[in-house]
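The following exercises concern annotated positions and charged side-chain pairs. Each task is followed by a solution worked in steps.

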Amino acid sequence: MSHNSFGHLFRVTTWGESHGPAIGCVVDGCPSLIPLTEADIQGFMEKRKPGQSKYTTQRREPDEVKILSGVMVDEDGVQKTTGTPISLFVENTDQRSKDYSEIKDRFRPGHADFTYDAKYGIRDYRGGGRSSARETAMRVAAGAVARKVIPGVTIRAALVQVGPHKINRNNWDWAEIDNNPFFCPDVEAASLWAEYLDGVRKAGSSVGAVVEVIAEGVPAGWGAPLYGKLDTDLTAAMMSINAVKGVEIGNGFEAACLTGEENADEIRMGAEGKPVFLTNNSGGVLGGISNGDPLVVRFAVKPTSSILTERKSITRQGEEVDVMTKGRHDPCVGIRAVPVGEAMMACVLADHFLRHRGQIG
């Protein structure tokens with residue numbers, strides 16, 4: 001199985017399975033002399049780890065990250081990167097592989113079971129192996145390193161829709177993100193979602209969600225057209241997240257509903273003698289290059305495919321069966337995708353920063 005790496009100059013390779021002894025990643029290309037400790041990474045791991053509320057899977061993983069290589073204590077007593085590959089490691093401690101024994105030879109509808117088996121002739125039925133969202137923990141760890149490469153950039157994400165229920169953007173308050181288990185910026189929507197997801201969870205079902213990721217402080221000029229566009233790489237990064245089925249930049253598909261007059265981001269000169277865009281319909285990218293406005297990316301996460309309602313499927317031997325997936329699953333996996341989206345944004349921006357510096361100086 002190839003293609004477990006992404007990025008060019010800032011390159012991340014993840015390894016490990018959902019029910020294996022551990023998961024990990026290697027970050028290659030991080031510049032030297034950047035202060036980096038496990039504490040710098042752990043805070044982001046805490047945001048993604050499972051079992052933090054009744055609205056996510058009850059698998060209990062401490063997700064304590066260890067740095068195995070790529071750092072050393074400098075003469076000033078501060079641990080810093082050395083410029084060599086940074087290897088990060090997290091143990092799996094709460095696997096329950098027996099929960100999946102009944103579906104060993106059954107393909108779960110909506111999962112990657114059939115396609116993995118069709119491609120490789122084997123699949124890891126214990127939670128999905130590499131196709132499990134467990135893999136995204138190491139993306140979050142790598143994203144913490146990436147943030148250290150671009151300290152002038154602020155990256156934040158929020159859940160803006162759960163099932164059919166959207167936030168009221170007039171109520172957007174970043175301070176509310178930490179006050180509810182949904183990373184929701186709208187206090188009223190968070191209250192509604194709590195009641196709604198209680199019903200979904202008790203029914204053994206699941207729903208999808210939409211995550212919005214915003215990066216501020218990105219200067220104009222990052223991105224390399226034609227085939228290394230910033231928005232191309234951002235879209236690919238978000239689409240690579242497990243269960244993501246759609247990505248848009250700025251207005252995205254809504255731009256198809258607008259006229260040219262409505263969609264064009266008009267420009268004036270600001271007080272500091274720099275161009276100012278009067279709107280940000282483009283999501284901060286024009287021609288594949290950042291324009292200095294906030295980067296805005298949204299992605300849609302499908303409902304968790306593991307549900308307690310029987311669905312029609314087949315076995316590896318071609319027998320028609322009904323499948324009900326037992327175990328511990330997220331009623332809305334989009335909740336834990338919020339810090340993953342932030343991490344992927346950080347990794348792409350760190351990569352493009354280094355590529356821009358290498359090309360332009």
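A salt bridge is a side-chain nitrogen of Lys or Arg within 4 Å of a carboxyl oxygen of Asp or Glu. The model examined here is predicted, and it holds 21 salt bridges.

**Exercise 1.** Apply the salt-bridge criterion to E46 and K49, and classify the accessibility of E46.

*Solution.* Step 1: the closest N and O atoms of E46 and K49 are 3.0 Å apart. The cut-off is 4 Å, and the pair forms a salt bridge. Step 2: partly exposed residues fall between the limits of 20% and 50% relative accessible area. E46 has a value of 30%, and it is therefore partly exposed.

**Exercise 2.** Determine which helices are linked by the salt bridge between E342 and K47, and state whether each partner is buried or partly exposed.

*Solution.* Step 1: the side chains of E342 and K47 meet at 3.4 Å, N to O. Step 2: E342 belongs to helix α7 (residues 337–360) and K47 to helix α1, so that distant parts of the chain, 295 residues apart, are linked. Step 3: E342 is buried because its relative accessible area is 4%, a value to be read against the limit of under 20%. K47, at 27%, is partly exposed.

**Exercise 3.** Describe the salt bridge between R355 and D233 in terms of position and burial.

*Solution.* Step 1: the N to O distance between the two side chains is 3.1 Å. Step 2: R355 lies in helix α7 and D233 in helix α5 (residues 230–239), so the bridge ties together parts that are 122 residues apart in sequence. Step 3: both R355 and D233 are buried. Elsewhere, salt bridges with shared partners join R169, E212, E248 and R298 into one network.

**Exercise 4.** Characterise the surroundings of the two residues covered by the UniProt annotation "binding site".

*Solution.* Step 1: the annotation, which comes from an unreviewed entry, covers R48 and K54. Of this set, R48 is included in the lining of the largest cavity. Step 2: R48 is in helix α1 (residues 38–48), whereas K54 is in the loop between α1 and β4 (66–67). Step 3: R48 counts as buried because its relative accessibility is 2%; K54, at 39%, counts as partly exposed. Step 4: leaving aside neighbours within four places in sequence, R48 has contacts that include D63, R134 and R336, and K54 is in contact with D198, R201 and P331. Step 5: a polar atom of the R48 side chain lies 3.4 Å from the backbone oxygen of A133.

Definitions and conventions: Residues numbered from 1 in each chain as written. Predicted model: local features only at pLDDT ≥ 70, side-chain atom pairs only at ≥ 80, totals over all residues. Heavy atoms only, no water. UniProt positions renumbered as here; feature names shortened; annotations may be inferred. 1 Å grid on protein atoms, 1.4 Å probe; cavity = no way out; pocket = protein on both sides within 12 Å on 5 of 7 lines; lining within 4 Å. Helix = DSSP H or I, 4+ residues; strand = E, 2+ residues; numbered from the N terminus. Buried < 20%, exposed > 50% of the residue type's maximum accessible area, 1.4 Å probe, protein only. Contact = heavy atoms within 4.5 Å. Polar contact = N/O pair within 3.5 Å; in protein donor to acceptor, adjacent residues only side chain to side chain.
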